[in-house]
Amino acid sequence: MANPSPGFARNPAKSIAVEPYPGPVTVSAGGKVIARTARALRLTETPYPPVLYIPFADIDFSTLVKTTHASHCPYKGDASYWSVTPAGSRGENAMWAYETPFDEMEAIRDHGAFYPDRVTIEA
């Protein structure tokens, strides 16, 4: 592996499942559709609620502004953030993505996820 996860190396019993989500997903804010897809992935990681990751190709990046905010997950890698402009101040850093995830999480590369308390997610 070129970029293995240090989290899984330290904790091989950790389980993160990524599977296709069976149905359409729409993300909106301020009356504008931000993303619409039938190709979402559902990431399940105990103890957190499941997260839907949407392919970049199905996200309207003209409604987003990349920010300097970043975070790190020892299992997934470094996350970049975007603000959802139609959501106003609520939309600050409302979408994140792992642009260069660790090898074990390669499935979520080129996918974004949204905080459900900052935008409307219909699935």
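At 54% relative accessibility, Asp 117 counts as exposed, because the bar for that label is anything over 50%. This residue of the predicted model lies in the loop between β9 and β10. A look across the chain from here reaches Ala 57: Asp 117 and Ala 57 are 60 residues apart in sequence, and their C-alpha atoms are 23 Å apart in space.

With that starting point in hand, the overall architecture can be introduced. The chain contains one helix and 10 strands, and reading from the N terminus the elements follow the pattern α-β-β-β-β-β-β-β-β-β-β. Its radius of gyration is 14 Å, close to the 14 Å that the globule rule gives for 123 residues, so the chain is as compact as a globular protein of that length. Along the principal axes, the C-alpha atoms fill a box of roughly 45 × 35 × 25 Å. Of the 123 residues, 44% count as buried. The accessible surface comes to about 6500 Å², and carbon and sulfur atoms account for 54% of that surface. As for contacts between residues at least 6 apart in sequence, 53% of them join residues at least 24 apart.

The strands can now be followed into their sheets. Seven strands form an open sheet, arranged in the order β1-β4-β5-β9-β8-β7-β6 with antiparallel pairing. At the edges stand β1 (16-20) and β6; each has a single partner strand, so one side of each is left without a neighbour in the sheet. From one strand to the next in this sheet, the twist averages 30°.

Walking through part of this order gives a feel for how the strands are joined. β1 and β4 run antiparallel and are joined by five bridges; within this pair, Glu 19 has Arg 42 in β4 as its bridge partner. Next, β4 and β5 also run antiparallel, with three bridges between them, and here Leu 43 stands opposite Val 51 in β5. These two strands, β4 and β5, form a hairpin with five residues between them. One step further, β5 pairs with β9 (residues 111-114) in the antiparallel sense over three bridges, and Ile 54 stands opposite Gly 112 in β9.

Strand β4 (residues 41-45) deserves a second look for its two faces. Leu 41, Leu 43 and Glu 45 make up the covered face, while Arg 42 and Thr 44 make up the uncovered one. The residues already met in the pairings thus fall on opposite faces: Leu 43 on the covered face and Arg 42 on the uncovered face.

The edge strand β6 carries His 69. At 38% relative accessibility, this residue counts as partly exposed. Setting aside neighbours within four places in sequence, His 69 is in contact with Ala 79, Ser 80, Tyr 81 and Asn 93. Met 105, by contrast, is 36 residues away from His 69 along the chain, and the two C-alpha atoms are separated by 21 Å.

A second open sheet is made of three strands in the order β3-β2-β10, again with antiparallel pairing. Its edges are β3 (32-37) and β10 (120-122), each with a single partner strand, so one side of each is left without a neighbour in the sheet. The twist here averages 15° from one strand to the next. Between β2 (residues 25-29) and β3, which run antiparallel, there are five bridges, and Ala 29 stands opposite Lys 32 in β3.

A loop residue also reaches towards this part of the chain. Asp 58 is found in the loop between β5 (51-55) and β6 (64-73). Beyond its neighbours within four places in sequence, Asp 58 is in contact with Ile 34, Ala 35, Arg 36, Thr 37 and Arg 39. With Arg 39 there is a polar contact from side chain to side chain, at 2.9 Å.

The last stop is close to the start of the chain, with Ser 5, which is found in the segment before α1 (6-10). At 2% relative accessibility, Ser 5 counts as buried, because the limit for that label is under 20%. Which residues does Ser 5 touch, not counting those up to four places away in sequence? They are Pro 74, Tyr 75, Phe 102 and Glu 104. Ser 5, buried at 2%, and Asp 117, exposed at 54%, round off this tour of the predicted model.

How values were computed: Residues are numbered from 1 along each chain as its sequence is written. This is a predicted model: local features need pLDDT of at least 70, side-chain atom pairs count only at pLDDT 80 or more; totals for chains, interfaces and linings use all residues. Side-chain values use heavy atoms; hydrogens and water are left out. Two strands pair if DSSP finds at least two bridges between them. Helices (H or I, at least four residues) and strands (E, at least two) are DSSP runs, numbered from the N terminus. Axes are lines fitted to C-alpha atoms, for helices over the stretch in contact, and angles run from 0 to 180 degrees between N-to-C directions. A polar contact is a pair of N or O atoms within 3.5 Å; within protein, one must be able to donate a hydrogen and the other to accept it, and residues adjacent in sequence count only if both atoms are side-chain atoms. Contact means heavy atoms within 4.5 Å. The radius of gyration is taken over C-alpha atoms; the globule rule is 2.2 Å times the number of residues to the power 0.38. Buried means under 20% relative accessible area, exposed over 50%, partly exposed in between (1.4 Å probe, protein chains only). Accessible areas come from the Shrake-Rupley method with a 1.4 Å probe; for residues, only the protein chains shown count as cover.
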